[in-house]
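User: I'm new to this one and would like a walk through it. Could you take my questions one at a time?

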Amino acid sequence: MLHRPRRNRKSAVIRDMVQETHLSPSNLIFPLFIIEGQNQKTEISSMPGIYRYSIDNLLREVESCLKLGLKSFDLFPAVEESLKDKYATESYREGTLYLRAIEAVKKNFPEACVVTDVAMDPYSSDGHDGIVENGEILNDETLEILGKMALAHAQSGADIIAPSDMMDGRIGYIRRLLDDNGFTNVSLMSYTAKYASAFYGPFRDALGSAPKKGDKKTYQMNPANIREALIEAQLDAEEGADFLMVKPGLPYLDVVKLLHDNFDLPIAVYNVSGEYAMLKAAIANGWLGEQTIMETLMGFRRAGATAILTYHAKEVLEKGWLK
Ligand code: PBG
């Protein structure tokens, strides 16, 4: 035999030498949930190890992540039901929980990168990402609200704004608005190919943000489609996105690879709540080993993602797996 591929696997040193893909803390973005109050830390039952933090505890959590070398955070607010309305006005109200959280993190830790989520659902009494009128999700009217939200995030210090709503034209609309208001340096990470997925279940538990009626199929993509992701990516690139995101992650690695191979923008992937819950449940039951976590994250890197939003971000650093 002239070819014995096993020679390159014979020792740890050689295996490391020929390793093609690497994962570093700089690839990771840690999603964090926020609640009102003081000294609050409540676990999300379907996401063991993941909590909702009041702002004081959020700052402690961010500090401990920074010490581990984890520097990017994506914030999500759990909004009291009584504050929700049809037009998600709480999302841009001065002094609202979310804006205070962004300000507090940036004030205390200017070196941290804060990613903010733009979409109506956590603040909408309908639980949808857009305005609901006679059962229909309005597109262009929703853009105005998304714009107000994005502007408020930028004013509060957001480094990267991530619109997760899937309305048409929102990247261009928000980019123009930010630029007109002097925020030319605030980045846009577009949820480019966001699928109508059942893997968001635990996240909706965490925020109490599930749709009150219907589903999200008229704006989020059909899980059966891949070519359609190219249309979305083309539009986002033209409209000024700085990152293209695919979401969920594991069942959509082909989409990550497709966008990576066709666009020069950095690719992000969201390893969503249901994917986290799945591994955690199997590990807790002894059905899978913990190595499945790094194997999963490496799969995203191999497929071409450079930014990985994952609830595993802190634990892989705490456990020293990123050496
Ligand atoms: C809402 C939003 C969702 C997630 C991020 N932003 C849920 C949804 O679209 O219903 C899901 C994240 C996760 O499941 O971890 N715009």
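**A first tour: buried spots, core, rings and cavities**

Analyst: Let's start with one residue: Ser190 has a relative accessibility of 0%, so it counts as buried. Keep in mind that this is a predicted model.

User: Where is Ser190 found, and which residues does Ser190 touch, not counting residues up to four places away in sequence?

Analyst: Ser190 is part of strand 9. Buried means under 20% relative accessible area, and Ser190, at 0%, is on that side of the cut-off. Leaving out residues up to four places away in sequence, Ser190 touches Pro163, Arg170, Ile171, Asp236, Ala241, Phe243, Leu244 and Met245.

User: Is Ala158 buried or exposed?

Analyst: Ala158 is in the loop between helix 4 and strand 8 (160-163). Setting aside neighbours within four places in sequence, Ala158 is in contact with Ile102, Val114, Thr116, His153 and Val186. The relative accessible area of Ala158 is 6%, and the cut-off is 20%, so Ala158 is buried.

User: What separates the C-alpha atoms of Ala158 and Cys113?

Analyst: Along the chain, Ala158 and Cys113 are 45 residues apart. In space, the separation of their C-alpha atoms is 7.9 Å.

User: Which element gives the most to the largest nonpolar core?

Analyst: That core has 107 residues. Those with the most contacts inside the core are Phe33, Leu58, Phe73, Leu75, Ile161, Met189 and Leu259. With eight residues, the element that gives the most is helix 4 (residues 140-156).

User: Leu259 is on that list. Which residues is Leu259 in contact with, leaving aside neighbours within four places in sequence?

Analyst: Leu259 is among the residues with the most contacts inside the largest nonpolar core. With its neighbours within four places in sequence left aside, Leu259 is in contact with Thr192, Ala229, Leu230, Ala233, Leu244, Val246 and Ile267.

User: What kind of aromatic pair do Phe76 and Phe203 form?

Analyst: A search of the whole structure turns up nine aromatic pairs. For Phe76 and Phe203, the rings are 5.0 Å apart centre to centre, with 90 degrees between the planes. Planes over 60 degrees apart count as edge-to-face, so the pair of Phe76 and Phe203 is edge-to-face.

User: How many residues apart are Phe76 and Phe203?

Analyst: Phe76 is in strand 4 (residues 72-77) and Phe203 is in helix 6, so to speak of the pair is to speak of a link between distant parts of the chain. Both ends are buried: Phe76 at 1% relative accessibility and Phe203 with a relative accessible area of 15%. Along the chain, Phe76 and Phe203 are 127 residues apart.

User: Which residues do ring pairs link into a cluster?

Analyst: Phe76 and Phe203 form one of the aromatic pairs, and both belong to the cluster. Its members, linked by ring pairs, are Phe33, Phe76, Tyr191, Phe203, Tyr270, Tyr276 and Tyr311.

User: What about empty space: which residues are closest to the centre of the largest cavity?

Analyst: The structure holds two cavities of 30 Å³ or more, and about 130 Å³ of space lies in the largest. Strand 9 (187-194) and helix 6 (201-207) are the elements that give two or more residues to its lining. By class, the lining has seven nonpolar, three polar and seven charged residues. Of its 17 lining residues, the closest to the centre are Asp121, Lys194, Tyr200, Phe203 and Lys247.

User: What volume does the second largest cavity have?

Analyst: Residues lining the second largest cavity include Glu36, Pro77, Leu83 and Tyr123. That lining divides into seven nonpolar, one polar and three charged residues. The volume is about 70 Å³.

User: What is omega for the cis peptide bond from Lys247 to Pro248?

Analyst: Pro248 is in the loop between strand 10 (243-247) and helix 8 (253-262). The bond from Lys247 to Pro248 is cis, with omega near -10 degrees.

User: Is Asn134 buried or exposed?

Analyst: Asn134 lies in the loop between strand 6 (131-133) and strand 7 (136-138). Its phi is positive, about 50 degrees, although Asn134 is not a glycine. The relative accessible area is 83% and exposed means over 50%, so Asn134 is exposed.

Definitions and conventions: Residues numbered from 1 in each chain as written. Predicted model: local features only at pLDDT ≥ 70, side-chain atom pairs only at ≥ 80, totals over all residues. Heavy atoms only, no water. 1 Å grid on protein atoms, 1.4 Å probe; cavity = no way out; pocket = protein on both sides within 12 Å on 5 of 7 lines; lining within 4 Å. Points joined across faces, edges and corners; volume = space filled by probe spheres on them. Nonpolar A, V, L, I, M, F, W, Y, C, P; charged D, E, K, R; others polar. Core = buried A, V, L, I, M, F, W, Y, C linked by side-chain atoms within 4.5 Å. Buried < 20%, exposed > 50% of the residue type's maximum accessible area, 1.4 Å probe, protein only. Contact = heavy atoms within 4.5 Å. Phe/Tyr/Trp six-rings, centres within 6.5 Å; stacked < 30°, edge-to-face > 60°.
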